[in-house]
Every structure is written in C-alpha cells, then in structure tokens.
Amino acid sequence: MAKDLTKQQETDTGNTAQLLEEGIHHVNNPVLDLPEIVKNYLGPAIGFHQENNNYYFTDGSAGVEIKVVSDEIIRVRLAPSGQFLEDFSYAVPQTDQHVALYNFEENEHTYRVMTNTVTCVINKADFLISFEDREGKVYNKDHSPMHWEENPDFGGYYVYSTKLALSSEAFYGLGDKPTHLNLRGRRFTNWNSDTYSFQFNQDPLYKSVPFYIGLHDGNAYGIFFDNTFKTYFDFAAEAQDQTSFWSEGGELQYYYIHGPHMMDVVKRYHSITGTHYLPPLWALGFHQCRWSYYPESKVRDLAKNFRERNIPCDAIYLDIDYMDGYRCFTWNKHYFPDPKKMIKELADDGFRTVVMIDPGIKVDENYWVFKEGKKNHYFCRRGDDYFMEGYVWPGRCQFPDFTNKQVREWWGGLYKELLEAGVAGVWNDMNEPAVFGRGTFPNDVRHNFDGHRGSHRKAHNVYGMQMVRATYDGLKKLSPKKRPFTITRAAYAGTQRYASVWTGDNVATWEHLRIGALQLQRLSVSGMPFCGTDIGGFSGEPDAELFTRWMQFGVFSPFMRAHSAGDTAEREPWSFGPEHEALNRKFIELRYKLLPYIYSVFWEHTKYGFPILRPVTMMEQHLESNIQREEEFCFGDKILVSPVLNPGQDHKMVYLPVGDWYYYWDDTYFEGGKEHNMETPMDKMPMFIKAGTVLPEYPVMQYVHEKQIESLKLLVYHTNQKVNSYSYEDHGDTFAYEQHIYLEKKFAVKGTPSGMDITQYVDGLYSEKYDTYDLHLIGLPFQVKRVIVDDKPVAFEQDGRARYIVKVSKDFRSIAIT
Ligand code: GLC
C-alpha cells in the first residue's frame, strides 16, 4: 500500500520562495494558502512476477518495473496507478539491444535482480532500491522510496526519486549548465530556454540532458532520468545527504548505469542514447560566422581575406539575413542574386556554406512553405484548436510540429533547393522553441509526439531535437553519400545522433570564456561530444587579448566557430591588428595540424562512445584533489591543455596527471602527478603530449583536402612504458566507413631508457594516398645508434630541436631504435 508521508518529507521540496519563483506551487504553505500537498510513497514490496528481462514488483497498488538492459545498465520505472505508460523514448531508440545474462533471487528481506556486473536490490520492508557491484559494494541507494503526487495542474503525477548522497560524493553532467564542474550543492531545472547573454549559474539554458554521473570513493555510476517534461535535480543542496530528481509529469523512469570508471559510464550512456556519427572532416576545421554576412560582396570579401591572409578556414555561415524577409528556404535575391554561383565559387576556393534555418514559418498566404504547412495541417495548435502563433524574426509565425513523423519528412524535403544550390551544412536555431515576448509556447499547445499525443509540457524539451532530427534525416536522404553537417541550439538527451551543438548567446567577457570551458567539458561528459562556444563571445566587444585567448581555447573545442552579434564591431581573425592576426593565424594553423588526431578522437567517440573532452577528474577519478580542477582538460587521451582564462596572465599553474608529459611547444619533458608553473606569453597556451604518444600531424592547409599529403608526419614521444595510440583515416566525407572503408592504425610504443620499439597494426579497407611517414622521435634519453625498420637499418638525422628524424614506409610493421 502506498503511504502518505506528506509532512515528514516537506524538506524534499525545499525553500518555498525559491520554488515559487521557479513556478512550483506545491509546497504546503499556510501563509500563502496553497493547497496541501499529498505525497504518496511506495509501501512495502509484497509481490513480483517476471517477463523475460523485466521484473515487476508491487506494493499492492503501485507498480515498479526493473528491466535488465545490459550487463551494466538497469532501468527502473514506477507506475503509481499500477498501469505503466507505453514504452516510448526519443532519447533511447531501443532498450533491449544488449544481450545480458541475468538472474533473480528472493530472500526474507530482499529481492535481487543480478547481472554479471550489477545487482539491483529491492528491500521488501520499505521498497528502497540500491545498486551494488558483484562484490557487494553499494554504488547508489535510495534515501526514500520512489514517490509521487497527484498533479493538480493537468492530471497525471509529479514523480520523485530521492537518493542518498554520500558526504564525499561529487556530481557531473547535466548538459550545458553554466556552473562549476562539480554540481554538488546546487539545484537545477531542465526546460529549454532562449537565454541571450546568460550569466554564470543561470538556469535553465538551452538544453535538457537529464543525465548525471555520481563519483564517490573513486567509483562512478550514472543516472539517466529519461523524462521530457520539466525536470528538476537537487544535488545535496537542500539536504546534504540527499540527491533528488523529479518531474512535473510523465513517468518516473531512470537508467542506472554502472562504472566504476567515468569513461565507462559515458560510454554506456552512449550505448543506449547513441553516439555522434563521424562528422565530415571539413566540419572539424575552422568556421567563420557572424550575424550576418551580407550582401554577396561581403561574403566574397570575407573569403578573399581568409585566403589572401593565409588564415585557414573551411566554412562560412549565412545567418538569417540571407533569407527573403526571414522566410525559411528562400533567398533575398537583392543581397544574393545568384546563390548557386556564389556557393560554387566559394566551394572552388575551399569554403563550405552553412545556412541558418529557424522553426518559425511566416504567416503569409503567398509563401509556399506556409501554404504547404497549412494545407497539410503541419503546424502546432493550441488546446482550443487555434494555431499556435507567435512573433519571431519574420514577424507573425506558425510552427511545425516536429514531433510528427510526417512533418519531419516534409521538413527534411524542404532542404532540396538549398542543397541543389550547394549548401553544405544547416544551422538550426531558436528551437527551444523561442518566441518573442512570451518566451516559448504556452503549455496547452498540442503535439503528436509520434503517436503518443501530449501537450507542450511533454514536448517542449524535445522540440529542438526533433527539428534537427528532421533536418539531419532530410539532408541524409537528399544526399545519401555525404555525411550531413548540422548544428542545433536546443537539445534533449540523444540529440548527438543528429547534430553538433553550440552554447548559444554568450558574451565577450573573460568570465564567459571560463564559463565556455566549463560548459564544453560538461557537454562532453553529458553525451554531447561535438560542441563549441561562439569564439570571441556573441554579444559585447572582446579586446584583442580576449579574442586570441578564446581562439586558443577554440583549437581544443570539439566544434571551432567564431560568431558575433550584428551590432558588434567586425570580428574576424584579422580585426585586431597585425600582431594578433599573426597569433590567431598560428592557432588556427595548429587546429589544422592536429586534424588527423582530432579526427581519430572523433572516431573513437563514434565507435566506442568515449567523450572528446575529458576533465582531469575523469583521467584520475580516484584522486579527490582533482574534483576542484576545472581549467585543465584532455582532448582525447593524449593531449592535455589548460587554456589561459584571465587577462594579463603571463603564467599559470597547470596540473598534469600522473605519468610523463612533453610540452608541445619545445619538447621539454615534464613529470606528471604535480602542478607546474607555466609561462603563458600570448603566443603559447599550456599544451602537453603524453609520453608514448604517436601524434599524426598534417602540414598547414588553408582548408581540408587542400593538399595531398606527401608523407605523413608522426611525432613519437619517448616513454619508459608501453603505450598505444590510434590513428584513423578515411575519405573524410562519406558513410563508406560504415562498410569498413577506413584505416584504423594502432601504434604500439614500448620504451626503455636505452631504446624504443614501435609496432604498427592496420585494420580496414581504405588506401591512404601517401607512401611514407616522417617520424620525429622526441625526448629520447639516449644517443641513437641504429634504427632498424622491419629488420633493415635505415638512415636517420637529427634536427636543431634534438629530434631524430626518420623516413619509413607507411607499411612498416616494426621499428627498433637503440
Ligand atoms: C540567435 C542565435 C544567434 C544568431 C541570432 C540571429 O540569437 O543564438 O547565434 O546569430 O539568433 O539569427
């Protein structure tokens, strides 16, 4: 039987004033004369039955389902009425995709659902659920039984889970929250919001990713609360020993994801929500954006400047002003008389054109998109059946219901003409959805929700995701051989299957540079790997120093794009005088040199689900001291950077995880496991390569594929251990990799103080275009006497930096250096 613990549990809902501000009106407060809340808690568990990998428990009226999803993932669902909702999720396309062995035990006090890795224990007396490893170590445990409250606003239930928070526990994840990496002591709301010029700690922002990682005693687990309604998280903020998550509707449904490594938690989260597909290589280059580059002469001038000044760039963006009166899928013919010709000429010069598409469709009986949408009933309607209308850039607009499959298909097809004109990528914005004046849609707006009809309360947080899904699917269908490039501002968990993301309208301040560094690390561990900030800050004016420091951070942002608002001064890499132009060039060139490495890190993400950016705490999660470190992070597992985040900073302390490292700029050796005081003149940012790494480097190119690689440079850093590096190559733009048309190379390096061996293993069907590698052997603690490649001695030379340089066949199997 469910029992009523109303009063006793009041602290769960916290501070009344704050909650009222947040719009939650369910706290028992006699002064304000609010209705008394009645919370129902699960009573003792009194029975169960099993259907395959699903175990069903009951307290006599409410039901709980425990589903074994895989060896390491268990899903929990609560049905207050005993009736489960239909199993449907936008985040998790398939729940039963992993084969797992599972087992069940019942004893006097508990039920136990066991896999090879995890045991889910249900305490009969109080229905508390906990998750243990096979040794009986508890990773996560309920503080109170799952509970719910009749929803006075619209029926259904508010649903709650309250877990124990250990005193040493730290929390990570939750998408784009602009706060410290460790979420402990804070509470958050997920409700996608257009938040121009947001501030540190502002909440919510544009994205909803209800997934977090808990870390205690060096062990990590994840919780993914798959609920699209407005959700809330409290990480030991109201009560130091409790972490709660709850929602204003829908089902209490969450996945427990076992670690113990944070990397594995993220990887397993991706195993259910999907990874980002491999981006086209050009999308990893530098992108230049502004609101807006128009008319055509301005765009051409921009492109000419990049090439004349020898500053690499792969993409130019057209913001809303390219359209005719902001009507999506049209061109302003006055500004762009012949888009196809312009885009072709830009492409001939190595530039891809990316265009903005917003969800608001102008109400205009002479506009074909509006007419089609209206005729086919594709636009969202209010509860009383009137159309959902609101003002956005084009003026009065209606909005497609992207949660309807038919609408998505229609929308995807609308890109046909843009693709025929040569457009290479699409930028979806304002899809929280944003509406001038009222913020977003009213809650009564109806959505199809792929047949699981509901109001905007349920669909709001997935609206942007379904929009960019329609875009992605459309581009893929229209041009099946090419990997689409899409970017979205709003997102829900799982959006990584369809798009890259940026952090929205930030500000040109040092504080925002720091916020950006936190947000990208967070997005990366929250399953949104391909993320970037508006380099330089969207609103406001950066000075030369801030812009260059942001560009340096941009090199190590998975998505590298400079963008600025229309009312700001010109913001190109050369806008701050010759000295800073040279600095900005140097760092954009660095991005292009590192492209083969960056691409390989993306491949590891696509294939295995590893994050691109990794906070140091993820590299050394057993060290509590790392929880405070927020400035240094790894890009992949071989490069550690610590961007300069303060004005006038000429040195900074940088912590290196245990192991051996080399300073990228001059090959100096540094010992890990401690902090180093690094000089940070404007032309350097702290950047270290892990010992034993084989780092592929491209020559500087002005755009991806500009040059044929004659011989691939491999920087090999000496180690006294055994270290593997992976390097990935393919066509760069097609889905042929899904048919194994790629090369995945493993370089195994084994070193001692007097020698080093390198072995190469190659897998895949792609043929690279070059024949040789130029090895640069770095940090050798001995004088090289011989280099033997596949049993034959080869010549080597030494350069001015004490590197040994050897040319070898790209097909070498093993190299011995003594
Ligand atoms: C929004 C976007 C911004 C864009 C502007 C105009 O503010 O976040 O990136 O430039 O709209 O389209």
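**Exercise 1. Is Arg 803 buried or exposed, going by its relative accessible area?**

*Solution.* Keep in mind that this is a predicted model. Start with the cut-off: buried means under 20% relative accessible area. Arg 803 has a relative accessible area of 4%, so this residue is buried.

Next, look for a charged partner. The side chain of Arg 803 meets that of Asp 667 in a salt bridge, at 2.8 Å from N to O. Asp 667 sits in the loop between strand E40 (660-663) and strand E41 (669-671), while Arg 803 sits in the loop between strand E52 (797-798) and strand E53 (804-809), so this pair ties together parts that are 136 residues apart in sequence. Finally, check the partner: Asp 667, at 8% relative accessibility, counts as buried.

**Exercise 2. Work out which parts of the chain the pair Glu 65 and Arg 75 ties together, and place the pair in its network.**

*Solution.* Begin with the contact itself: Glu 65 and Arg 75 form a salt bridge whose closest N and O atoms are 3.0 Å apart. Glu 65 belongs to strand E5 (residues 63-68) and Arg 75 to strand E6 (residues 73-79), so the bridge ties together parts 10 residues apart in sequence.

Now turn to accessibility. Glu 65 counts as buried at 3%, and Arg 75 is buried at 0%.

Last, follow the shared partners: salt bridges join Glu 65, Arg 75, Arg 77, Asp 87 and Glu 251 into one network. As for the overall tally, the model has 52 salt bridges.

**Exercise 3. Describe the salt bridge between Glu 238 and Arg 187, then classify each partner by accessibility.**

*Solution.* The closest N and O atoms of Glu 238 and Arg 187 are 3.0 Å apart. Glu 238 lies in the loop between strand E18 (231-235) and strand E19 (242-247), and Arg 187 in strand E14 (residues 186-190); the two are 51 residues apart. Glu 238 has 35% relative accessibility and counts as partly exposed, whereas Arg 187, with a relative accessible area of 15%, is buried.

**Exercise 4. Find the buried residues of helix H5 and explain why they line one face.**

*Solution.* First, list them: in H5 (residues 368-375), the buried residues are Val 369, Phe 370 and Gly 373. Viewed down the axis of H5, the buried residues fall within an arc of 100°, so they line one face of the helix. A general point helps here: an α-helix has 3.6 residues a turn, so residues three or four places apart point the same way.

Then ask what covers them. The cover includes strand E24 (361-362), strand E26 (395-398) and helix H6 (405-413). To finish, step past the helix: just after H5, His 377 takes a positive phi of about 60°.

Key:
Residues numbered from 1 in each chain as written. Predicted model: local features only at pLDDT ≥ 70, side-chain atom pairs only at ≥ 80, totals over all residues. Heavy atoms only, no water. Buried < 20%, exposed > 50% of the residue type's maximum accessible area, 1.4 Å probe, protein only. Helix = DSSP H or I, 4+ residues; strand = E, 2+ residues; numbered from the N terminus. Arc of directions from axis to C-beta. Contact = heavy atoms within 4.5 Å. Salt bridge = Lys/Arg side-chain N within 4 Å of Asp/Glu carboxyl O.
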